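Colleague: I would like to learn how to read a model feature by feature, taking the general idea before the particular case. Could we work through one together?

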Amino acid sequence: MNNQYRTSRQQRRHIFTPLRIGGLVAAGALVLAACGGASGKAGAADNMAGMHMAAAGNATDGGAAVATDAVHIKNLAFSPATITVKAGSAVVWTNDDAIEHDITFDGGAIASSVLNHNDTFSHTFPTAGTYHYICSIHPFMHGTVIVTN
């Protein structure tokens, strides 16, 4: 009887192994769907259009370039979390993470599309003030842009 039990247990192990692998695959698919799924292709096209508009608006009337400051998105955080720039400066966010992120400012007036790995988003801040933003996909990620005169 012991030999029958061992054989039966081995057979069950082989039956349940594919189910376990299938479960892991399904769980992974749910995680990807929760982080934005396959919406990145349209978002990347929208982002490129926004970048061209921002680049066109980065020069002053005299033709001189305006300062640009960078924020990197890495390890599920904005780095630096707070950045101070002069009015008229552009800030460029680059997604260095392997997962999707976005930039959404309080009130929603300024927002990026979904940023995939290495995608960028740029915004020029014309007036002084303090601007708070989050990644709406991962709302625990916070950042601040302080614009001075």
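Modeller: Let us begin with aromatic rings, for which a cut-off is needed: rings of Phe, Tyr and Trp count as a pair if their centres lie within 6.5 Å. Please keep in mind throughout that this is a predicted model.

Colleague: Which residues do ring pairs link into a cluster here?

Modeller: The cluster consists of F78, W93, F105, F121, F125, Y131 and Y133, linked by ring pairs. In total, the structure holds seven aromatic pairs.

Colleague: How should one such pair be described, and what is the case for F125 and Y131?

Modeller: In general, a pair of aromatic rings is described by the distance of the centres and the angle of the planes. For F125 and Y131 the ring centres are 5.0 Å apart and the planes stand at 55 degrees, so this pair is tilted. The reasoning rests on the cut-offs, because planes under 30 degrees apart count as stacked and those over 60 as edge-to-face, with the rest as tilted.

Colleague: Are F125 and Y131 buried or exposed?

Modeller: Both F125 and Y131 are buried. As background for that reading, buried residues make up 28% of the 149 residues in the protein, while the protein exposes about 9,200 Å², of which carbon and sulfur atoms supply 62%.

Colleague: Before we go further into the strands, what does the secondary structure come to, and in which order do the elements run?

Modeller: The protein has two helices and eight strands, and from the N terminus on the elements run α-α-β-β-β-β-β-β-β-β. As for contacts between residues at least 6 apart in sequence, 54% of them join residues at least 24 apart.

Colleague: How do I read a sheet, and what is the strand order in the open sheet of four strands?

Modeller: One reads the order of the strands, then the direction of each pairing. The open sheet has the order β3-β8-β7-β5, with mixed pairing. Its edge strands are β3 and β5 (104–105), each of which pairs on one side only.

Colleague: Which pairings in this sheet run parallel, and which antiparallel?

Modeller: Strand β7 (residues 129–134) and strand β8 (residues 142–148) run antiparallel and are joined by six bridges, whereas β3 and β8 run parallel and are joined by five bridges. At the level of residues, Y131 has V145 as its bridge partner in β8, and I134 has H142 as its partner in β8. Y131 thereby returns in our picture as a buried residue.

Colleague: And what can be read from T82, on the β3 side?

Modeller: T82 lies in strand β3 (residues 82–86), and its bridge partner in β8 is T144. Leaving aside residues up to four places away in sequence, T82 touches T144 and I146. The C-alpha atoms of T82 and Y131 are separated by 9.7 Å, with these positions 49 residues apart along the chain.

Colleague: Why does T82 count as partly exposed, and why does T94 count as buried?

Modeller: The cut-offs decide, because buried means under 20% relative accessible area and exposed over 50%, with partly exposed in between. T82 has 44% relative accessibility and so counts as partly exposed, while T94, at 15%, counts as buried. T94 lies in strand β4 (residues 89–95) and touches V71, H72, I73, N118, D119 and T120, again leaving aside residues up to four places away in sequence.

Colleague: Turning to the backbone, where is there a cis peptide bond, and which residues other than glycine have a positive phi?

Modeller: The peptide bond from S79 to P80 is cis, with omega near 0 degrees, and P80 is found in the loop between β2 and β3. N75, which is not a glycine, has a positive phi of about 55 degrees, and phi of L76 is near 55 degrees. N75 lies in the loop between β1 and β2, as does L76.

Colleague: How do N75 and L76 stand in accessibility, and what does L76 help to make at the surface?

Modeller: N75 is exposed, with a relative accessible area of 69%, whereas L76 is partly exposed, at 35%. Together with I99 and F140, L76 makes a nonpolar surface patch of about 260 Å².

How values were computed
Residues numbered from 1 in each chain as written. Predicted model: local features only at pLDDT ≥ 70, side-chain atom pairs only at ≥ 80, totals over all residues. Heavy atoms only, no water. Phe/Tyr/Trp six-rings, centres within 6.5 Å; stacked < 30°, edge-to-face > 60°. Buried < 20%, exposed > 50% of the residue type's maximum accessible area, 1.4 Å probe, protein only. Contact = heavy atoms within 4.5 Å. Areas by Shrake-Rupley, 256 points an atom, 1.4 Å probe, with all protein chains shown as cover. Pairing = 2+ DSSP bridges. Patch = residues over 30% accessible without salt bridge, like charges linked within 9 Å, V, L, I, M, F, W, Y side chains within 5 Å. Salt bridge = Lys/Arg side-chain N within 4 Å of Asp/Glu carboxyl O.
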